[in-house]
Amino acid sequence: RILAYRIEDGAIGVLAQFDAAQFSAALAAPTAFITEDEESSGIIDISRLTNKESTFLFDAEVHKASADPALVEQGQLLTMTVDSWDRVYEARNDDSENGHDGEDQGNHGGQDDRRGYSIGLWGDMPYTATGPAALPNVINDINKQELEFTVFDGDIKAGSNAPCDQAQYDQAQAMFSVVKWATIYTPGDNEWTDCDRQSNGLYAPNERLALIRTMFFSDSKSQGQDRLDVTRQSAQFPENARWEHDGVTYITVNTPGSDNNYPQTDAAGQPIDADKKLTSVSGRPQNGDLAEYTARNAANLAWLDAGFAFAKSRGSKGIMVVQQADMFPSATNTDTITHYADEVAKLTSLTAAFNGQVALVNGDSHVFTVDNPLGLQNFTRVVTPGEVHNHWVRADVNAKDPKVFTFTQQLVPGNAP
């Protein structure tokens, strides 16, 4: 990347960066990938030569052999004119001024007199045969926006016929590493509860969850290039996070699909999976774990209590809760949802008692939806697109607006609708 640094206040902005669709082995389509050995060696101010203010000359050195022997290696010599330095620094300046602290960002209690900001919401990708080719388009589109951060609401892979091997989690880390903005991740069922399926390699779900916690939640930082500080619930449940930005409190909870990892049995008392019956393999429980569900569900409810209490203490005008599971029945969600009742009841009571707007964001059902299944005036539920719908959701947030949140699906150029 080429960064700009403003001496008077320490603000940092991104002027240019290499395209992940061509320079990330994990994200680029095989036919588009060039190399991961690329650099830019410098930038020169040529404003006086061009008679254009804020015009620069820079290079892109692509260390891959060229078909033309006279060129030796590929590369580009480029010029760039900056039309607005305020726009360059805008997305980073807020974090520099406020310490980039997970619970001390911006002016709290809706006292911010600036305009609102935008964040990105995405998840449930890459899936299917088209997913790996479509994913770089999603990330490139997100990177082109002016966002404060993004939240990925789970499912880094498909639920079946996608082994839960180390390569899947390494690929997810690579995916997050090329996102320009801070990215907060909350796990989905596909990457842990469903790993005991035969087509996923018969992995132990609790062991896969432990791996996820080690790889993605070992410190107080988010994923993404501009890492954000967050508050984690505990060493036992580090994936549950909380942060605040400009009068809004954000909360993630590890509530996965597959009925919240509660054991599922058929009429004969035999364990069943979402796609086939399974028997115990190597003594491991199949399709659900009562002890795991009980402990995590209690932790999630306590984290919601703590998050709403924190929001009230800070005078937040809005709260956004993000998780993977779709807890409500619909035409796009016919899965068993019995063991989300505790959380639905908790969200209902907390929202009813909160003097502000509450948004619940989840993936799982894959079709962009904005609705109100709780029927409360201050509640909105959003389902992010995913699976074959490789797009994302832009949330415009303004604590001074009575609505606080506005949600718009961002259709990614080049990806199927």
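Is Glu73 buried, exposed or partly exposed? In this predicted model, Glu73 is partly exposed, with a relative accessible area of 35%, and the legends below begin with its surroundings.

**View 1. Glu73 and its contacts in strand E6.** Glu73 has its place in strand E6. When neighbours within four places in sequence are left aside, the residues in contact with Glu73 are Val62, His63, Lys64, Ala65 and Ser66. Val62 is 11 residues away from Glu73 in sequence, while the two C-alpha atoms are 6.7 Å apart in space. With His63 the link is made by side chains, since the side chain of Glu73 makes a polar contact with that of His63 at 2.8 Å.

**View 2. The largest pocket and its lining.** The space in the largest pocket comes to about 1100 Å³, and 44 residues line this pocket, with Val14, Leu15, Ala16, Gln17 and Phe18 lying nearest its centre. Two or more lining residues are given by each of strand E2 (11-16), helix H1 (20-23), strand E3 (38-39), strand E5 (55-65), strand E6 (73-81), helix H3 (85-97) and helix H4. The largest share of this lining, 6 residues, comes from E6, the strand in which Glu73 of the previous view has its place.

**View 3. The cis peptide bond between Met125 and Pro126.** Met125 and Pro126 are joined by a cis peptide bond, for which omega is about 5°. Pro126 is placed in the loop that runs between strand E7 (117-122) and helix H4 (131-143).

**View 4. The disulfide of Cys164 and Cys195.** A disulfide joins Cys164 to Cys195, with a sulfur-to-sulfur distance of 2.1 Å, and the count for the model is 1 disulfide. Cys164 lies in the loop between strand E8 (149-152) and H5, whereas Cys195 lies in the loop between E9 and H6, so the pair ties together parts that are 31 residues apart in sequence. The link is left-handed, with -90° about the S-S bond, and both Cys164 and Cys195 are buried.

**View 5. Two aspartates with positive phi, Asp155 and Asp246.** Asp155 lies in the loop between E8 and H5, and its phi is near 70°, a positive value in a residue other than glycine. Asp155 counts as buried because its relative accessibility, 2%, falls under 20%. Asp246 lies in the loop between E11 and strand E12 (248-252), and its phi, near 45°, is likewise a positive value in a residue other than glycine. At 3% relative accessibility, Asp246 also counts as buried.

**View 6. Helix H6 and the elements its buried residues pack against.** Helix H6 covers residues 205-216, and its 12 residues reach 16 Å from the first C-alpha to the last, close to the 16 Å expected at 1.5 Å a residue. The buried residues of H6 are Pro205, Arg208, Leu209, Leu211, Ile212, Arg213, Met215 and Phe216. These buried residues pack against helix H5 (166-177), strand E9 (182-185), strand E10 (231-232) and helix H8 (290-314).

**View 7. Helix H8 and its two ends.** The 25 residues of H8 reach 36 Å from the first C-alpha to the last, which is close to the 36 Å expected at 1.5 Å a residue. At the start of H8, a side-chain oxygen of Asp289 reaches to within 3.1 Å of the backbone nitrogen of Ala291. Just after H8, Gly315 takes a positive phi of about 70°.

**View 8. Ala241, a buried residue in strand E11.** Ala241 has its place in strand E11, which covers residues 241-245, and is buried, with a relative accessible area of 1%. Not counting residues up to four places away in sequence, Ala241 touches Val230, Thr231, Arg232, Tyr250, Ile251, Thr252 and Trp303. Asn254 is 13 residues away from Ala241 in sequence, and the two are 9.4 Å apart in space, C-alpha to C-alpha.

**View 9. Asp326 in the loop between strand E13 and helix H9.** Asp326 is found in the loop between strand E13 (318-322) and helix H9 (341-352), where this residue is buried, with a relative accessible area of 2%. A polar atom of the Asp326 side chain lies 3.1 Å from the backbone nitrogen of Phe328. Not counting residues up to four places away in sequence, Asp326 touches Asn333, Ile337, Tyr340, Asn362, Gly363, Asp364, Ser365 and Arg381.

Key:
Residues numbered from 1 in each chain as written. Predicted model: local features only at pLDDT ≥ 70, side-chain atom pairs only at ≥ 80, totals over all residues. Heavy atoms only, no water. Helix = DSSP H or I, 4+ residues; strand = E, 2+ residues; numbered from the N terminus. Expected span 1.5 Å × (residues − 1). Buried < 20%, exposed > 50% of the residue type's maximum accessible area, 1.4 Å probe, protein only. Contact = heavy atoms within 4.5 Å. Disulfide = S-S within 2.5 Å. Polar contact = N/O pair within 3.5 Å; in protein donor to acceptor, adjacent residues only side chain to side chain. 1 Å grid on protein atoms, 1.4 Å probe; cavity = no way out; pocket = protein on both sides within 12 Å on 5 of 7 lines; lining within 4 Å. Points joined across faces, edges and corners; volume = space filled by probe spheres on them.
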